[in-house]
Amino acid sequence: MGNEMENDQREGDGLDITTEDVDHFSLIVLSGEVDVYSAPKLREAIKDLVDQGRNNIIVDLEKVDFLDSTGLGVLVGGLKRVKQNEGELGIICNQEKILRIFRITGLTKVFPIYASRQDLLAKTKEA
Amino acid sequence: MPDDSLEFELEMPAKPKYVGLARLLAGSMARRMSFSEENIDDLKLAISEMCTNAIVHTGNGEEDKAPIIVHYIARDDFLKVWVKDQGPGFNPSRLIEGERKELLTKGFGIPLIKSLVDVFECDSRPENGTLVSITKYRGQGNQES
């Protein structure tokens with residue numbers, strides 16, 4: 001638990017990433033802005049987990065101030081990657097301004113989306 | 001010109017690290033013009049997408065590429081922003097033909113921009129770069145598509 005990643009990729013990219021294990025998921029917690037400059041850092045974080053055989057990934061967007069199509073593209077790429085290994089990639093987000101982007105692009109039908117960490121744990125216990 | 005009119009230009013290197021600056025300027029202008037928070041978010045996202053596309057068209061962050069011009073025009077009730085790159089250009093009709101395919105397979109950029117703004121225009125010619133322009137009115141919301 002509380003297994004923090006090293007974030008040395010891009011100076012001043014405005015995105016902090018930490019990972020931790022929650023239940024049987026690997027949780028990637030993002031804080032800041034995900035755009036064309038910072039998205040490669042998220043791509044690497046997902047890739048690192050998959051390379052370690054951790055294919056059930058949840059990306060927590062609750063502290064994300066900004067997300068653009070590059071970030072969406074990275075999440076879709078991550079989803080494809082874990083699906084190849086019969087895994088899953090879900091999102092934690094309860095921010096309307098971020099959820100709206102998922103709705104506009106039709107991605108609410110692609111990603112499991114949870115309102116909070118508690119919601120994630122409750123729904124996965126039900127399943 | 002009305003008192004609220006303001007027009008200026010940002011010439012920035014065609015590199016990802018500068019997209020945040022273009023976005024910040026758009027957000028600051030829209031806030032100064034009393035846009036709603038939702039419309040400010042829409043503008044920031046649209047400008048980010050436009051600049052990202054321009055960088056991709058201009059060599060995707062390679063060194064020694066021509067700069068990108070971001071031009072901001074604020075009037076009483078709207079903010080217009082155009083982004084000009086000096087990449088190889090393309091046939092704009094492909095935007096419409098390929099839009100759905102792009103949405104499903106390549107990226108979300110252009111359809112996303114269109115859904116966020118009131119007016120979207122694109123002028124691109126092979127070997128002559130691309131100019132993408134958006135206008136957002138202060139008083140009008142957008143319907144999500």
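1. Just after helix 2 of chain A, Glu86(A) takes a positive phi of about 60°, and this note starts there, with the remark that helices (H or I, at least four residues) and strands (E, at least two) are DSSP runs, numbered from the N terminus. Most residues other than glycine have a negative phi. Asp23(A), which is not a glycine, likewise has a positive phi, of about 55°, and lies in the loop between strand 1 and strand 2 of chain A. Asp23(A) counts as exposed because it has 12 C-beta neighbours inside 10 Å; a residue is called exposed if 12 or fewer other C-beta atoms lie within 10 Å of its own, buried if there are 20 or more, and partly exposed in between, with the C-beta atoms placed from the backbone.

2. Before going further, please keep in mind that this is a predicted model, in which local features need pLDDT of at least 70 and side-chain atom pairs count only at pLDDT 80 or more, while totals for chains, interfaces and linings use all residues. Residues are numbered from 1 along each chain as its sequence is written, and chains are lettered from A and ligands numbered from 1 in the order in which they are written.

3. How confident is the predictor about chain A, in terms of mean pLDDT? The mean pLDDT of chain A (pLDDT being the predictor's confidence in each residue, from 0 to 100) is 90, and 90% of its residues reach 70 or more. Over residues 1-9 of chain A, however, the pLDDT is below 50, although this stretch has 15 contacts in the model beyond near neighbours in sequence; two residues are in contact if their C-beta atoms, placed from the backbone, lie within 7 Å. Where pLDDT is low, the predicted coordinates should not be read in detail.

4. Chain A has four helices and five strands, which follow one another along the sequence in the pattern β-β-α-β-α-β-α-β-α. Its strands make an open sheet of five, in the order 1-2-3-4-5, with mixed pairing, where two strands pair if DSSP finds at least two bridges between them. Strand 1 (15-22) and strand 5 (113-114) of chain A stand at the edges with a single partner strand each, so one side of each is left without a neighbour in the sheet. Within this chain, strand 2 (residues 25-34) and strand 3 (residues 56-67) run parallel and are joined by eight bridges, and Val34(A) stands opposite Leu67(A) in strand 3.

5. Helix 2 of chain A offers a simple check of geometry: at 1.5 Å a residue its 16 residues should span 22 Å, and its end C-alpha atoms are 23 Å apart, which agrees; the expected span is 1.5 Å times one less than the number of residues. Among the buried residues of this helix are Leu72(A), Val74(A), Leu75(A) and Leu79(A).

6. Chain B also has four helices and five strands, but read along the sequence it follows the pattern β-α-α-β-β-α-α-β-β. Strand 2 (residues 68-74) and strand 3 (residues 78-85) of chain B pair in the antiparallel sense over six bridges, and they form a hairpin with three residues between them. Tyr72(B) has Val81(B) in strand 3 as its bridge partner. Strand 3 of chain B also runs antiparallel to strand 5 (residues 130-137) of chain B, with eight bridges joining them, and here Lys80(B) stands opposite Thr135(B).

7. Which residues have the most contacts inside the largest nonpolar core? In this core of 66 residues they are Ile28(A), Leu30(A), Ile57(A), Val59(A), Ala46(B), Met50(B) and Cys51(B), a nonpolar core being a set of buried Ala, Val, Leu, Ile, Met, Phe, Trp, Tyr and Cys residues joined through C-beta atoms within 7 Å. Its largest share, nine residues, comes from helix 2 (residues 37-57) of chain B. Leaving aside residues up to four places away in sequence, Cys51(B) touches Val19(B), Ala22(B), Ile68(B), Val70(B) and Val83(B).

8. Helix 4 (residues 109-116) of chain B is mostly covered, with seven of its eight residues buried. Ser34(B), by contrast, is exposed, with 10 other C-beta atoms within 10 Å; it lies in the loop between helix 1 (19-32) and helix 2 of chain B.

9. Finally, where the chains meet, 16 residues of chain A are in contact with 18 residues of chain B. Helix 2 (69-84) and helix 3 (96-104) of chain A each supply at least two residues of the side of chain A that touches chain B.
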